[in-house]
Amino acid sequence: MSSVKVECVVKESALIGEGPVWEESEQTLLFVDIVGQKIHRWSPTTNQIQSVETGHMVGFAVPRRSGGYVAGVGRSIVAVDWSAQTMTSLAEVDEDKPTNRLNDGKVDPIGRLLAGTMGMMESPAVFQKQQGSLFSLTSDLTVTRHLSQVDISNGMDWSLDQKTFFYIDSLCLTVDAFDHEPETGELSNRRVVYRLQEGEGLPDGMTADADGRLWVACFNGGRVINIDPSTGVRLQTVSLPVMKTTSCCFGGPDYADLYVTSARLGLSEEELRQQPLAGATFRVTGLGVKGRPSNSFSG
């Protein structure tokens, strides 16, 4: 049995680090600081971090096949030109809810972007409920709403055969599954795969490994849990030295490393003393599993 090791690799502290994506072509880790309003790109080889300021809260950033990135900034899905440090709007969502913002986003295996929204934070950890939605954006920039009355749209991924979509609405305290039609992206037959237990925190970001199992970052739980979606059984728990674990992805040359982002916003001075690495990004090795390459937006 391999021994699991957790190490802090990006010490730069994010207010809310989120949305890690491994860029295979560059061998770099892309992630965002939502409240810090930045997209970061970190190289394990050089240990250097590059950043783009977004000017508004940024929920996610993903690679784009034609170059650059696509990001969720405010309520806008934007194209990011990294070298020019510029952003161009591709689509707007939730026009009737001006205080909403985009949160987590991920690209499906055929290149469609899935992105969710959430209501305004009224005070730390208090949100307007059922204000969010889940949208898709296709290569021709068509926006489709798939779900509404969402509290906090968060982690998502697909089964190996693309026939199941896994989704997290954090305040439901569950990981859910839908039947998924790969060609159209249509979702149906929602059901619960896993219900978080007392002390596990809120389900946040999520990724799937090469065996189709799910790895869920648990906000306020200080852990990532590994779930078999076919049985609903928790197989493993990886503990981290911070409580506000936010999201995760596999990366590294052979996708054997699990990268985990975290947050420090909302921690008291005493909690920050107890968790000096809050807001850092971690690498977990020795899990004995591998992830799948991330997808790039086709538009």
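**Close-up 1. Asp204 and its polar partner.** The side chains of Asp204 and Asn154 make a polar contact of 3.2 Å. This and the views that follow are taken from a predicted model. Asp204 is the residue that UniProt lists under "active site", in an unreviewed entry. You will find Asp204 in strand β20, which spans residues 202-208. With a relative accessibility of 6%, Asp204 counts as buried, because buried means under 20% relative accessible area. Its surroundings are well populated once residues up to four places away in sequence are set aside: Asp204 touches Glu18, Asn154, Gly155, Ile168, Ser170, Val216, Ala217, Phe219, Thr245 and Thr246.

**Close-up 2. The annotated pair Arg101 and Asn103.** In an unreviewed entry, UniProt gives the annotation "binding site" to Arg101 and Asn103. Both residues, Arg101 and Asn103, belong to the lining of the largest pocket. A polar contact of 3.0 Å links the side chain of Arg101 to that of Asn103. Strand β10, residues 101-107, holds Arg101, and Asn103 is found in β10 too.

**Close-up 3. The neighbours of Arg101.** Is Arg101 buried or exposed? Arg101 counts as buried, at 12% relative accessibility. Beyond four places in sequence, Arg101 is in contact with Ile34, Met57, Gly74, Arg75, Gly116, Thr117 and Met118. One of these, Met118, is also the residue of β11 that stands opposite Arg101.

**Close-up 4. The neighbours of Asn103.** Asn103 has a relative accessible area of 4% and is therefore buried. Leaving out residues up to four places away in sequence, Asn103 touches Ile34, Gly59, Phe60, Gly116, Thr117, Met118, Ile152, Ser153 and Asn154. Asn154 may look familiar from the opening view, where its side chain makes a polar contact with the side chain of Asp204. Ile34, Gly116, Thr117 and Met118 are likewise worth picking out here, as they are contacts of Asn103 and also of Arg101.

**Close-up 5. The β10-β11 hairpin.** Strands β10 and β11 form a hairpin with five residues between them. How many bridges pair the two strands β10 and β11? There are five, and the pairing is antiparallel. In general, strands of a sheet pair through backbone hydrogen bonds, either parallel or antiparallel. To trace the register, start from Arg101, which stands opposite Met118 in β11, and then look for Lys106, which stands opposite Leu114 in β11. In the turn, Gly111 has a positive phi of about 100°.

**Close-up 6. Asp108, in the loop of the hairpin.** Asp108 sits in the loop between β10 and β11, the latter covering residues 113-118. Asp108 counts as buried, at 1% relative accessibility. Setting aside neighbours within four places in sequence, the contacts of Asp108 are Leu114, Trp158 and Asn295. Of these, Leu114 can also be located as the residue of β11 opposite Lys106.

**Close-up 7. Two covered strands and a further partner.** Strand β10 is mostly covered, with seven of its seven residues buried. Strand β11 is mostly covered as well, with six of its six residues buried. Which way do the residues of β11 point? Leu113, Ala115 and Thr117 point one way, while Leu114, Gly116 and Met118 point the other way, and all are buried. Besides β10, follow β11 to strand β14, residues 132-137: four bridges join β11 and β14, which run antiparallel. Within this pairing, Leu113 stands opposite Leu137 in β14.

**Close-up 8. An open sheet of four strands.** The strands of this antiparallel sheet come in the order β6-β7-β8-β9. At the edges stand β6 (58-63) and β9 (86-92), each with a single partner strand, so one side of each is left without a neighbour in the sheet. On average, neighbouring strands of the sheet are turned by 25° against each other, direction ignored. Strands β7 (residues 69-73) and β8 (residues 76-81) run antiparallel and are joined by five bridges. A handy reference point in this pairing is Gly72, which stands opposite Ile77 in β8. To connect this view with the annotated pair, note that Gly59 and Phe60 are among the contacts of Asn103, and that Gly74 and Arg75 are among the contacts of Arg101.

Methods:
Residues are numbered from 1 along each chain as its sequence is written. This is a predicted model: local features need pLDDT of at least 70, side-chain atom pairs count only at pLDDT 80 or more; totals for chains, interfaces and linings use all residues. Side-chain values use heavy atoms; hydrogens and water are left out. UniProt positions are given in the numbering used here, feature names are shortened, and annotations may be inferred rather than shown by experiment. On a 1 Å grid over the protein atoms alone, a cavity is a set of points where a 1.4 Å probe fits but cannot get out, and a pocket is an open set with protein on both sides within 12 Å along at least five of seven lines; lining residues have an atom within 4 Å of a point. Buried means under 20% relative accessible area, exposed over 50%, partly exposed in between (1.4 Å probe, protein chains only). Contact means heavy atoms within 4.5 Å. A polar contact is a pair of N or O atoms within 3.5 Å; within protein, one must be able to donate a hydrogen and the other to accept it, and residues adjacent in sequence count only if both atoms are side-chain atoms. Two strands pair if DSSP finds at least two bridges between them. Axes are lines fitted to C-alpha atoms, for helices over the stretch in contact, and angles run from 0 to 180 degrees between N-to-C directions.
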